[in-house]
Amino acid sequence: MNHLQTFQVFPAVPEPLSFLEVLARNLWWCWQQSAIELFRRIDPRLWEESGRNPLVFLTSVSQNRLEELAKDDSFLAHQQRVKARFEKRVCQPLDLSQSPYGSDGTIGYFSMEFGIHESLPIFAGGLGILAGDHLKAASNLATPLVGVGLLYRQGYFKQFLDQDGWQQEDYPEVDIYHLPVERAMDHSGNEVQVSVTGPSGDIHAMVWKINVGRIPLFLLDTDLSDNPPDVREITARLYSSNLKVRLAQEVLLGIGGMRALEMLGIIPTVCHMNEGHAAFASLERLAQTMSIHQVDLETALEIVPRTTIFTTHTPVAAGHDEFPVDLVKPYLLPFEEKLAINVEEILSWGQPAGSGSNGPLSMFVLALTMAQHCNGVSKLHGKTARRMWAHVWPQRSVDEIPISHITNGVHLPSWISHGISQLFERYLGPDWYLPPRNPDISHRIDEIYDEELWRAHEMSRARLTRTCRELMTQQYARRNASMAVMREIESVLDPDVLTIAFARRFATYKRANLLFQDPERLEALLNSERNPIQIIFAGKAHPRDNEGKELIKHVIEFSSTTNMRHRIIFIEDYNPHIARYLVQGADVWLNTPRRPFEACGTSGMKAAINGVLNVSILDGWWCEGYSKERGWRIGNGEEYTDSVYQDLVESQALYNILENDVIPCFYNRKNGAVPERWLKMMKASMKMALDQFSSHRMLGEYEDRFYRPAAKRYGDLLANDAEKSKHLVAQRKKLQTHWSSIQINPPVREEDGSFRVWQNVPVTVSVNLGSLHPDEVDVELYYGRLKSMDILAASHTQHMTVREDLGNGEYLYACTITCSVAGRYGFTARITPRGDSRIKYTPGLLTWA
């Protein structure tokens with residue numbers, strides 16, 4: 001029916017329960033066990049039926065039940081405990097007088113997706129869950145951070161399988177009244193709305209605000225009547241397969257997001273781009289810096305990159321977005337006037353060297369150009385990223401490429417089981433996950449009685465089994481399965497059997513089929529009379545990834561045989577709710593990617609804090625987390641060129657580990673007691689997750705290495721009418737003007753013959769600096785053990801100092817090196833600009849002997 005006007009009716013919540021409405025509108029509740037239990041105890045069945053969404057839930061609770069609770073002393077006492085904690089952790093004002101960010105310093109955190117809770121479906125997978133955990137940790141640590149993203153009315157797809165096991169996608173519309181959103185207001189109380197220029201006119205977007213504890217998350221939404229239908233669809237679905245829509249989303253996220261913050265009175269001192277999707281934010285930030293601080297583009301280019309962080313999550317070049325210049329130009333034309341340069345120069349910032357003026361704009365290259373700090377998300381991923389993008393700095397060796405790493409972490413209270421959480425509160429303390437904490441606190445995990453820990457884990461496995469049966473029943477009922485099949489489905493899995501979980505995106509490189517390389521051997525493991533195993537699969541394939549869909553179909557076909565149906569299952573529509581049951585209730589977390597294509601893999605960390613043991617290829621985080629005391633590795637970190645051979649070798653290794661190590665360890669119980677060695681490994685795994693892989697540790701690293709130095713740098717660069725920034729402009733101009741006249745001769749050893757370990761090796765080199773002065777450059781000896789005649793196995797640099805001024809711009813530099821390991825060494829010398837990494841790594845400003 002047309003011309004309907006709508007309004008929402010909310011329950012008449014009695015005054016004693018008014019805090020419930022406040023709590024429901026701040027996502028802080030979703031990582032607080034006591035807050036979740038407060039909602040759940042009102043009506044456990046209704047809580048589950050409402051999708052664990054407090055707004056939907058409270059609307060459905062009967063008025064009679066609310067009146068009962070308003071007089072229930074036990075419930076009111078529970079509510080008061082949650083309220084007191086909420087007021088302390090969320091509402092209590094912070095003392096910013098000693099803050100390294102100043103009283104109004106803010107970090108703008110831009111991400112295409114945020115996975116905070118399943119009731120807010122604006123995420124697709126690991127990138128979004130990581131971003132959600134980042135916000136939660138920022139709330140816990142009171143980091144002055146704001147999130148910026150998009151509000152998708154259909155989110156990412158819901159998955160279901162047809163009769164043949166082929167993935168189908170559904171995009172249900174999200175009811176905005178079921179989300180804890182409010183319109184973002186400026187300081188005058190006006191609703192904020194932003195516009196960006198598009199190919200066919202302005203794109204208008206309203207701005208929503210969601211509270212994640214202390215952290216505001218601002219989401220842009222183009223579903224406005226002012227927009228034409230195609231523009232309203234821009235924020236309909238996450239990761240649209242339409243290239244034009246995808247570009248519009250990324251423009252809106254970056255340019256629109258920065259404009260929204262400005263209208264809200266927030267001028268970020270630091271910007272953090274979570275993946276290259278947000279790279280356009282730097283263009284708008286340049287324009288704002290020029291306008292607000294009255295500086296030119298050259299000066300702004302010394303400020304913005306030095307206060308920007310770029311985190312890459314993708315170890316495959318094809319996974320980074322690129323857009324044809326003809327699509328991008330209409331969005332950037334307004335910046336010709338704002339930045340006072342032509343659009344071709346703006347485009348060049350995102351075009352790889354040598355691609356030409358018509359080369360595609362790479363969001364990765366644009367982000368890299370606009371950020372002094374770039375990091376991967378695990379140690380191995382940092383190494384992979386340096387190798388992938390070495391061509392951006394063609395004169396440097398791979399190990400010197402300025403891409404570092406900060407290994408991801410997970411927000412532990414969001415993923416830990418209720419039973420384990422209670423044990424931690426009892427043995428470690430009520431705030432066991434919050435810093436600052438005693439560095440030795442994790443060792444108290446060893447004090448937990450084995451029987452207590454095993455009982456808590458068995459409860460989680462029982463809940464997982466029950467949940468899987470319920471979900472499988474729903475799946476098969478939807479497919480109109482026969483009564484005989486339905487009766488079988490009701491008894492899938494055994495709560496006492498070793499349970500292996502494989503839950504992740506179904507991409508081919510993740511190799512969900514590795515277990516199926518030898519079907520007979522796998523069947524023997526599943527159906528062993530004495531020590532059987534059971535396997536739970538879950539995960540989505542990208543809508544356009546037919547190879548990934550084939551993997552799901554293969555799992556379904558294998559599991560559909562009569563003698564497998566109870567032992568191997570696939571759970572549809574993998575989401576955080578299902579993930580919690582899996583990471584809490586499985587015994588083994590299986591991960592089988594092709595190394596080095598797993599950037600990090602945080603699901604294994606979530607399993608580890610629950611005492612679930614990892615069995616994984618040495619890839620991503622497991623390279624740092626593995627030790628034989630807390631899990632198993634498949635292989636020894638080999639990388640293959642023949643994928644067929646790799647699958648054969650690693651599948652056999654996996655079967656051997658299961659047969660010889662994992663299964664005997666799990667079932668080895670003397671006189672029916674608990675599995676002592678397994679429990680010892682569980683405790684080691686939990687200690688590892690608590691100490692090394694929490695989002696608080698991760699955010700602490702970002703603060704120490706990037707956020708705080710960048711915030712200080714922001715103030716320094718703008719002080720005294722941007723005096724320091726202008727000096728950097730002059731320095732860069734001088735270097736670029738005179739660098740071509742620099743000359744450096746081959747370095748000379750001052751002593752001949754062989755050398756011994758720890759013996760000093762004096763080296764000199766003569767250089768001509770032309771019009772430059774020694775305090776404007778660094779002359780370095782570059783040396784290391786040889787891998788081949790032209791390649792060093794590992795490089796080292798030694799700073800050289802001026803020994804003699806020879807006149808006319810010529811200088812003799814000298815240094816001494818000492819080698820701690822015997823072997824064949826190589827050395828040469830080079831000149832680089834003196835300054836921070838922004839100056840030092842400027843392409844073209846590097847001269848080798």
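Strand 15 (residues 498-503) and strand 18 (residues 588-591) run parallel to each other and pair over 2 bridges. Within this pairing, Ile 500 has Val 588 of strand 18 as its bridge partner. Please keep in mind that this is a predicted model. The points below take in the sheet, a helix that crosses it and a pocket.

**The sheet**
- Strands 15 and 18 belong to an open sheet of 6 strands, ordered 17-16-15-18-19-20 with parallel pairing.
- Strand 17 (568-571) and strand 20 (631-634) are the edge strands; each has a single partner, so one side of each has no neighbour in the sheet.
- From one strand to the next, the twist averages 20 degrees.
- As a general reminder, the strands of a sheet pair through backbone hydrogen bonds, in either a parallel or an antiparallel sense.

**The helix across the strands**
- Helix 19 (residues 450-478) lies across strand 15, strand 16 (533-538) and strand 17.
- Relative to strand 17, helix 19 runs at about 70 degrees.

**The second largest pocket**
- The second largest pocket holds about 1000 Å³ of space.
- It is lined by 36 residues, of which Thr 369, Arg 732, Arg 838, Thr 842 and Pro 843 are the closest to its centre.
- Helix 11 (297-303), helix 14 (343-348), helix 15 (363-369), helix 28 (695-738) and helix 29 (837-840) are the elements that each give two or more residues to the lining.
- Sorted by class, the lining of this pocket comprises 21 nonpolar, 9 polar and 6 charged residues.

Terms used:
Residues are numbered from 1 along each chain as its sequence is written. This is a predicted model: local features need pLDDT of at least 70, side-chain atom pairs count only at pLDDT 80 or more; totals for chains, interfaces and linings use all residues. Side-chain values use heavy atoms; hydrogens and water are left out. On a 1 Å grid over the protein atoms alone, a cavity is a set of points where a 1.4 Å probe fits but cannot get out, and a pocket is an open set with protein on both sides within 12 Å along at least five of seven lines; lining residues have an atom within 4 Å of a point. Grid points are joined across faces, edges and corners, and a volume is the space filled by probe spheres set on the points. Helices (H or I, at least four residues) and strands (E, at least two) are DSSP runs, numbered from the N terminus. Ala, Val, Leu, Ile, Met, Phe, Trp, Tyr, Cys and Pro count as nonpolar, Asp, Glu, Lys and Arg as charged, and the others, Gly among them, as polar. Two strands pair if DSSP finds at least two bridges between them. Axes are lines fitted to C-alpha atoms, for helices over the stretch in contact, and angles run from 0 to 180 degrees between N-to-C directions. Contact means heavy atoms within 4.5 Å.
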